[in-house]
Amino acid sequence: ATFAGELTVNGGDVTIAGATPKLTVGDNDAEDCSIVLDNSAQDYYLGIDHSDSSKFILGGGSTVGSNAALTVTSAGAASFGSSVTAAGRVIVDDATDATSTTDGSLQTDGGLSVAKDAVIGNDLLLLSDASVIKFGTNSDILLTHDADRGLILEQGTDATTEPIFTIKTIGDLASGGGIEFL
């Protein structure tokens with residue numbers, strides 16, 4: 001059936017049945033198309049934002065393009081309007097090497113916090129002069145890159161009893177540590 005204007009169904013469900021059921025929203029015009037989930041506490045919409053490269057958007061409210069929570073481009077790239085929390089592992093299945101701060105398989109514009117161990121399978125690049133690796137809860141020991149002098153190992157606290165550098169060899173070859181200069 002074809003209706004001109006709005007169709008309202010009160011007090012029942014709407015079922016679309018058949019071998020390949022389909023619901024079409026829109027008539028191929030250059031306009032936003034959406035479905036609004038209208039709730040007394042919070043409305044949500046899912047729709048196509050024609051004014052923004054026809055991206056598919058899931059958002060809060062009823063106006064397509066506003067309060068976007070998830071945006072998907074026609075190429076399949078997804079972006080989130082806020083933070084993303086995953087209950088399990090997040091796997092990025094791409095082998096792109098990182099050579100700068102703007103390429104590679106995983107990028108962030110801010111800092112990176114890791115609560116447990118980090119395992120790095122290849123190189124770790126610290127791309128800024130004066131890069132620092134800090135050790136300990138209070139950053140007791142610092143390993144700093146200096147463009148003119150190389151690496152500087154220093155104590156980062158006022159305590160005078162902490163050793164800064166200790167060489168220790170254990171196991172079957174425990175004959176004492178050493179430093180070899182090449």
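Leaving aside its neighbours within four places in sequence, which residues is D49 in contact with? In this predicted model, the partners of D49 are D32, S54, K55, I57, V64 and G65. A good way to read the structure is to start from this aspartate and follow the strands outwards.

D49 belongs to strand β2, which covers residues 44-49. The residue is buried, yet it has no salt bridge. Its nearest side chain of opposite charge is that of K55, and the separation is 8.0 Å. A salt bridge requires the charged atoms to lie within 4 Å, so the pair D49 and K55, at 8.0 Å, does not qualify. The side chain of D49 does have a polar contact, however: it meets the side chain of S51 at 2.7 Å.

Moving on from D49, the chain enters the loop between β2 and β3, where β3 spans residues 55-60. The two strands form a hairpin with 5 residues between them. They run antiparallel and are joined by 6 bridges. One pairing to look for is L46, whose bridge partner in β3 is L58.

The loop of this hairpin holds a small surprise. Most residues other than glycine have a negative phi. S53, by contrast, takes a positive phi near 60°, and this serine sits in the loop between β2 and β3. With a relative accessible area of 60%, S53 is exposed.

On the far side of the loop, strand β3 contains I57, one of the residues that D49 contacts. Is I57 buried or exposed? Its relative accessibility is 2%, so I57 counts as buried. Not counting residues up to four places away in sequence, I57 touches Y45, L46, G47, D49, G65, A68, L70 and T71. The isoleucine also shows how folding brings separated parts of the chain together: I57 and A69 are 12 residues apart in sequence, while their C-alpha atoms are 7.5 Å apart in space.

Strand β3 has a further partner in β4, made of residues 68-72. These two strands pair in the antiparallel sense over 4 bridges, and F56 stands opposite V72 in β4. Another residue of β4 is T71, which is buried, with a relative accessible area of 14%. Setting aside residues up to four places away in sequence, T71 touches K55, F56 and I57, along with A77, A78 and S79.

Further along the chain, a separate set of strands can be described in a similar way. How many strands form the open sheet with the order β6-β7-β8? There are 3, and their pairing is antiparallel. β6 (132-135) and β8 (150-155) stand at the edges with a single partner strand each, so one side of each has no neighbour in the sheet. From one strand to the next, the twist averages 15°.

Within this sheet, strand β7 (residues 141-146) is joined to β8 by 6 bridges, and the two run antiparallel. I141 offers an example, as its bridge partner in β8 is Q155. The loop between β6 and β7 contains S139, a residue other than glycine with a positive phi, near 55°. At 23% relative accessibility, S139 counts as partly exposed, whereas S53 in the β2 and β3 hairpin is exposed.

Methods:
Residues numbered from 1 in each chain as written. Predicted model: local features only at pLDDT ≥ 70, side-chain atom pairs only at ≥ 80, totals over all residues. Heavy atoms only, no water. Buried < 20%, exposed > 50% of the residue type's maximum accessible area, 1.4 Å probe, protein only. Lys, Arg positive; Asp, Glu negative; His and termini not counted. Polar contact = N/O pair within 3.5 Å; in protein donor to acceptor, adjacent residues only side chain to side chain. Contact = heavy atoms within 4.5 Å. Pairing = 2+ DSSP bridges. Axes fitted to C-alpha atoms, helices over the stretch in contact; angles between N-to-C directions.
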